[in-house]
2 protein chains.
Amino acid sequence: METLSAAESLAALGHETRLAIFRALVQAGPEGLKAGAVGEALGLAPATLSFHLAHLSRVGLIRGRQESRFIFYSADYSAMGELIAFLTDNCCQGKACLPNAVCAENPDPRCNPEPACEGNSRD
Amino acid sequence: METLSAAESLAALGHETRLAIFRALVQAGPEGLKAGAVGEALGLAPATLSFHLAHLSRVGLIRGRQESRFIFYSADYSAMGELIAFLTDNCCQGKACLPNAVCAENPDPRCNPEPACEGNSRD
DNA sequence: TCCATGTTTCAAGTATTATCGAAATATAAA
DNA sequence: TTTATATTTCGATAATACTTGAAACATGGA
């Protein structure tokens, strides 16, 4: 994942409403939710909802599929995976800042590295 | 980490210049870099640099310490860790979207869960 | 004290983003 | 075909964010 695309994804999630939308879609699972259900759950005006769904779609974090009269949106887990990979590869020190939950379970020594590991870029 | 704070951190990183600043500080290690060195490396006008450093500081992703006439900024790894934890806990499906590099090394079965795990919220 | 250097703050201009009512489009049911 | 429902697009407005030169502030050296 290139830096620009990472920044765009981060910016997309860096808005409370869009973050809430994304979380709702993640919770909903691969099936996703009708656009209207998202708007209802979060109390959003249709135009506002559409604006944010379009934004999330544009950066690839969610996908919409038409199903009869409805449009179901669902989270793209692999896009989120790439984003997390970008953060761990480029924005962590070794893997020092991986979630504790992961590190505690992970024998990989990079999980608790020396204080001053150096560059680990991916792009 | 609450949702609002997560959104603020994501938004802070969701800007190419700030993301570049943060990456540079991560690469620099715990010592960090003088503000001026960051500006020079990225070709930023002093006021612009200061604006973005202040933004990243405000959300807690970096810290500045005065050292003689200079101010050294360094990445706050634990803040990034919390952010990644938030994303894996709230924006992934189980841990399905953790980076492959992590999952490949990790015996935790949640790394490759069934397709349709349900809600796993943290807040 | 005066000067040089590093950094921030201020102020102003520009650009981008968010919101939402109203109109348009699409699909399906009557 | 008409009507109803779901969603998007349009248009206008308001709010926020970004950039930068210039001025202010802070620190250390002469």
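**Two DNA strands and a helix: a working chat**

Student: Where does B:Y73 touch DNA strand C?
Tutor: At the backbone of the strand. An N or O atom in the side chain of B:Y73 sits 2.3 Å from a phosphate oxygen of DNA strand C. Keep in mind that this is a predicted model.

Student: Which elements line the surface near strand C?
Tutor: Four elements give two or more residues each. They are α4 (46-58) of chain A, plus α3 (35-42), α4 (46-58) and β3 (70-75) of chain B.

Student: And which of them gives the most?
Tutor: α4(A) does, with five residues.

Student: What other phosphate contacts does chain B make with strand C?
Tutor: B:S50 makes one through its side chain, where a polar atom is 3.0 Å from a phosphate oxygen of DNA strand C. B:I71 uses its backbone instead: a polar atom there is 3.4 Å from a phosphate oxygen of that strand.

Student: Which residues come nearest to strand C?
Tutor: There are 20 residues around DNA strand C, and A:R18, A:H52, B:G36, B:R69 and B:Y73 come nearest.

Student: How much of the strand's close part is sugar or phosphate?
Tutor: Take the atoms of DNA strand C within 4 Å of the protein: 73% belong to sugar or phosphate. The rest belong to bases.

Student: What is the chemical mix on the protein side?
Tutor: The surface near DNA strand C has eight nonpolar, eight polar and four charged residues.

Student: Switch to strand D. Which residues come nearest there?
Tutor: A:G36, A:R69, A:Y73, B:T48 and B:H52, out of 20 residues around DNA strand D. Of the atoms of DNA strand D that come within 4 Å of the protein, 75% are sugar and phosphate.

Student: Which phosphate contacts are there on strand D?
Tutor: Among them are three. A polar side-chain atom of A:S50 is 3.0 Å from a phosphate oxygen of DNA strand D. A backbone N or O atom of A:I71 is 3.4 Å from a phosphate oxygen of DNA strand D. From chain B, an N or O atom in the side chain of B:R18 lies 3.0 Å from a phosphate oxygen of DNA strand D.

Student: Which elements supply that surface?
Tutor: α3 (35-42), α4 and β3 of chain A, together with α4 of chain B, each supply at least two residues. α4(B) gives the most, with five. The residues near DNA strand D divide into eight nonpolar, eight polar and four charged.

Student: Let's look at α4(B) itself. Which of its residues are buried?
Tutor: B:L49, B:H52, B:L53, B:H55 and B:L56. They sit on the same side of α4(B), because they cover an arc of only 160 degrees around the axis.

Student: Why would spaced residues share a side?
Tutor: An α-helix has 3.6 residues a turn, so residues three or four places apart point the same way.

Student: What covers that buried side, and what is on the face turned away?
Tutor: The cover includes α1 (3-13), α2 (16-28), α3, β2 (62-67) and β3 of chain B. The face turned away carries the exposed residues B:P46, B:A47, B:F51 and B:R58.

Student: What happens just after the helix?
Tutor: B:G60 takes a positive phi of about 90 degrees.

Student: Last one: is A:S74 buried or exposed?
Tutor: A:S74 counts as buried, because its relative accessibility is 12%, under the 20% cut-off. A:S74 lies in strand β3 of chain A. Beyond its neighbours within four places in sequence, its contacts include A:L25, A:P30, A:E31, A:L61 and A:R65.

Note on methods. Residues are numbered from 1 along each chain as its sequence is written. Chains are lettered from A and ligands numbered from 1 in the order in which they are written. This is a predicted model: local features need pLDDT of at least 70, side-chain atom pairs count only at pLDDT 80 or more; totals for chains, interfaces and linings use all residues. Side-chain values use heavy atoms; hydrogens and water are left out. A residue is near a molecule or strand if one of its heavy atoms lies within 4 Å of it. A polar contact is a pair of N or O atoms within 3.5 Å; within protein, one must be able to donate a hydrogen and the other to accept it, and residues adjacent in sequence count only if both atoms are side-chain atoms. Ala, Val, Leu, Ile, Met, Phe, Trp, Tyr, Cys and Pro count as nonpolar, Asp, Glu, Lys and Arg as charged, and the others, Gly among them, as polar. Buried means under 20% relative accessible area, exposed over 50%, partly exposed in between (1.4 Å probe, protein chains only). Contact means heavy atoms within 4.5 Å. The arc is that of the directions from the helix axis to the C-beta atoms.
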